[in-house]
Amino acid sequence: MTTPVSSMVVVLIGAVIGSIGSVFLKSGAHAVNRDWKSIAFNWRLAIGIVTYLISSVLFVKGMSRGELSVLFPLVSVGYVCTLVWSRLFFHEPITKVKLAGVGLILIGITCLGLGGH
Amino acid sequence: MSPVASSSEPHAIDPAKRKQAILIVVCCTVLVAIAQYLIKLGANRLSHAGLVATTIGIFTIPPLFAGYCLYGVFTVLFVYALRNGELSILYPLIALSYVWVTITGVVAFHEMMNPLRVTGLVVIVAGVAVLGWGGGGGK
């Protein structure tokens, strides 16, 4: 089985959109307090959830055709993006520890994908 | 429009709450694994469906629907954790779900285990450990 480029693009877009969704989830999370309105009318949270859903639909679509050895590593591109977004929007430093952790996760997921299933 | 809430100050986070946030996400990866399994189960019926049919399928195919409901539970807990933790640490932790998915496949569905997959599992756990322990303490 070969992996269609369309599947790769769909999964990659899903990964990037998912990481952007997490940015909205975090900024929305900070706006939540004991008042129910802070959840019901929380547009950041809403955008985060919708973006997350869109990325899930794209994953379902992309993963339905193609090899996991190719598609798994593409999913983990989202983790790298998140490091960048966190630095840009929340001023979270990109430390060596984080780079090492995300790097290991990327390598691990690639190994899993190469290992089959 | 900037997505950043003006009140968010990631550096003012209490270390104990930071650890709790990491623990919540680590536990939640089990939910993600179950959700992913259910979604994969349902997605097999959608291999040639368009984007609209896929979206409708999420509500009409039971395993897909159950999978997304679990994702919903996960999202609630994840948002709670995000209040007290760094996004750049908590988001990559979700990768731990790959470990549960693989172990479930081997134990419950007799998928084959090979050296490459074992290496993958060990390396992912190492990465999560580095982020969880190293990233929890600030610098």
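**A helical chain and one of its helix pairs**

Of the 117 residues in chain A, 50% are buried. The model is predicted. Its C-alpha atoms fill a box of roughly 50 × 35 × 20 Å, taken along the principal axes.

Start with the secondary structure. Chain A has 6 helices and 0 strands. Along the sequence, the pattern reads α-α-α-α-α-α.

Next come the contacts within the chain. Take those in chain A with a separation of 6 or more. Of these, 75% join residues that are 24 or more positions apart.

Now turn to one pair of helices. Helix H5 of chain A covers residues 77-90, and helix H6 of chain A covers residues 96-114. The two pack with their axes 9 Å apart. The angle between them is about 165°. Angles over 145 degrees count as roughly antiparallel, so H5(A) is roughly antiparallel to H6(A). The crossing has a hand as well: H5(A) passes H6(A) in a right-handed crossing.

Which residues make the contact? From H5(A) come Tyr79(A), Val80(A) and Leu83(A). From H6(A) come Lys98(A), Val102(A) and Ile105(A). What is the character of the residues in this contact of H5(A) with H6(A)? They divide into 5 nonpolar, no polar and 1 charged. The charged one is Lys98(A) of H6(A). Tyr79(A), Val80(A) and Leu83(A) of H5(A) count as nonpolar, and so do Val102(A) and Ile105(A) of H6(A).

Definitions and conventions:
Residues are numbered from 1 along each chain as its sequence is written. Chains are lettered from A and ligands numbered from 1 in the order in which they are written. This is a predicted model: local features need pLDDT of at least 70, side-chain atom pairs count only at pLDDT 80 or more; totals for chains, interfaces and linings use all residues. Axes are lines fitted to C-alpha atoms, for helices over the stretch in contact, and angles run from 0 to 180 degrees between N-to-C directions. Helices (H or I, at least four residues) and strands (E, at least two) are DSSP runs, numbered from the N terminus. Angles under 35 degrees count as roughly parallel, over 145 as roughly antiparallel, 65 to 115 as roughly perpendicular and the rest as oblique. A crossing is left-handed if the near helix is turned anticlockwise from the far one by less than a right angle, and right-handed if clockwise. Two residues are in contact if their C-beta atoms, placed from the backbone, lie within 7 Å. A residue is buried if 20 or more other C-beta atoms lie within 10 Å of its own, exposed if 12 or fewer, and partly exposed in between; C-beta atoms are placed from the backbone.
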